[in-house]
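Student: I am new to this structure and would like a close look at one part of it. Could you walk me through it?

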Amino acid sequence: MSPASRIALLLLTCLLGPAVVVPCAGAAPASPVEVPPAGWPRYNGWQVKSFRVTGLPSDLAAEAVRGLRMSGEWKLLKGRVRPEFSDGILRDDLRRLRLFLARRGYPASRATVTFAVDAARHSLALAIAMAPGAPVLLEDVRFEGWPEGVAPGDTSEVRLPARGAPLVDQEVEQLVASLRMWLLDAGYADVGVKVGLEATDPTRVILVVDIEPGERFTIVEVDVTGCSEDLTPVARRVLDIKPGTPFGGTLLEEAATDLRITQLFGQVELVTEPVAPS
């Protein structure tokens with residue numbers, strides 16, 4: 001080999017350098033596998049590299065995942081920070097998911113939990129696949145015990161759940177609250193409202209609303225206590241409730257608000273006391 005060839009070969013060797021082989025730190029993460037609850041504690045303390053929930057109804061997915069502890073929190077400069085794996089946290093999150101779905105019309109949901117484990121790094125990718133099941137649909141609303149002489153409220157005052165839609169707990173609670181206020185305004189100070197379900201088939205129910213109106217009341221006396229004598233006539237004038245006025249929930253709420261707006265009274269509380277039937 002000529003001197004020129006030897007020099008060229010030496011330069012090429014210096015530029016490329018020797019080959020470097022980096023040994024593998026461990027086996028690649030395993031494919032996701034379903035792990036029964038009895039096997040969850042063995043992974044306590046492992047790092048959760050990723051977490052996802054699939055199978056939720058599209059209109060509920062974002063809200064359902066938002067409150068899960070395994071979802072972690074977004075930290076400035078750090079990004080998404082998740083807790084270390086804990087079988088207790090996972091069980092709590094599953095209970096939250098099932099309760100969330102049950103309160104929105106899916107009482108028979110099921111969950112499958114899979115782990116993709118990287119044993120060398122003590123880390124895992126966690127996934128929950130939800131099967132919501134068939135929703136329970138509201139077929140109809142039936143009122144029992146509605147007082148005579150009181151017109152039922154229309155949909156602007158009484159919040160009726162939508163027929164044919166999944167039965168949602170929050171809508172039932174809103175219905176009960178709006179019914180109570182409607183009947184309070186009609187003079188029924190001791191009204192009681194209870195709800196029950198009557199199944200017509202495994203996926204359809206009738207919402208039964210049982211009303212116990214009690215007596216219809218009239219305000220016969222207004223007593224003002226707890227303020228100085230000079231403020232008593234002011235309170236009566238602001239209240240503007242005269243004996244003989246039919247009882248009404250909104251009437252009392254507005255009267256209490258008017259008293260608070262004056263800023264003359266540190267605390268305002270309106271209390272009703274039955275003095276005779278009706």
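Student: Which strands does helix 3 lie across, and at about what angle does it run to strand 6?

Tutor: Happy to help! Please keep in mind that this is a predicted model. Helix 3, made of residues 87–102, lies across strand 2, strand 5 and strand 6. Its direction is at about 20° to that of strand 6.

Let's look at the sheet beneath those names. Strands 1, 5, 6 and 2 form an open sheet in the order 1-5-6-2, with mixed pairing. At its edges are strand 1 (33–34) and strand 2 (47–54), each of which pairs on one side only. Strand 5 covers residues 110–118 and strand 6 covers residues 123–131; nine bridges join the two in the antiparallel sense. You can find this pairing at D118, which stands opposite S123 in strand 6.

For a companion view, turn to another open sheet, where three strands follow the order 7-9-8, again with mixed pairing. Strand 7 (137–144) and strand 8 (192–201) each have a single partner strand, so one side of each is left without a neighbour in the sheet. From one strand to the next, the twist averages 20°. Strand 7 runs parallel to strand 9 (residues 204–212), and seven bridges join them. One pair to look for is L137 with its bridge partner R204 in strand 9.

Finally, a word on confidence: the protein chain has a mean pLDDT of 84, and 87% of its residues reach 70 or more. Residues 1–27, however, have pLDDT below 50, and this stretch has six contacts in the model beyond near neighbours in sequence.

Definitions and conventions:
Residues numbered from 1 in each chain as written. Predicted model: local features only at pLDDT ≥ 70, side-chain atom pairs only at ≥ 80, totals over all residues. Heavy atoms only, no water. Pairing = 2+ DSSP bridges. Helix = DSSP H or I, 4+ residues; strand = E, 2+ residues; numbered from the N terminus. Axes fitted to C-alpha atoms, helices over the stretch in contact; angles between N-to-C directions. pLDDT = per-residue confidence, 0-100. Contact = heavy atoms within 4.5 Å.
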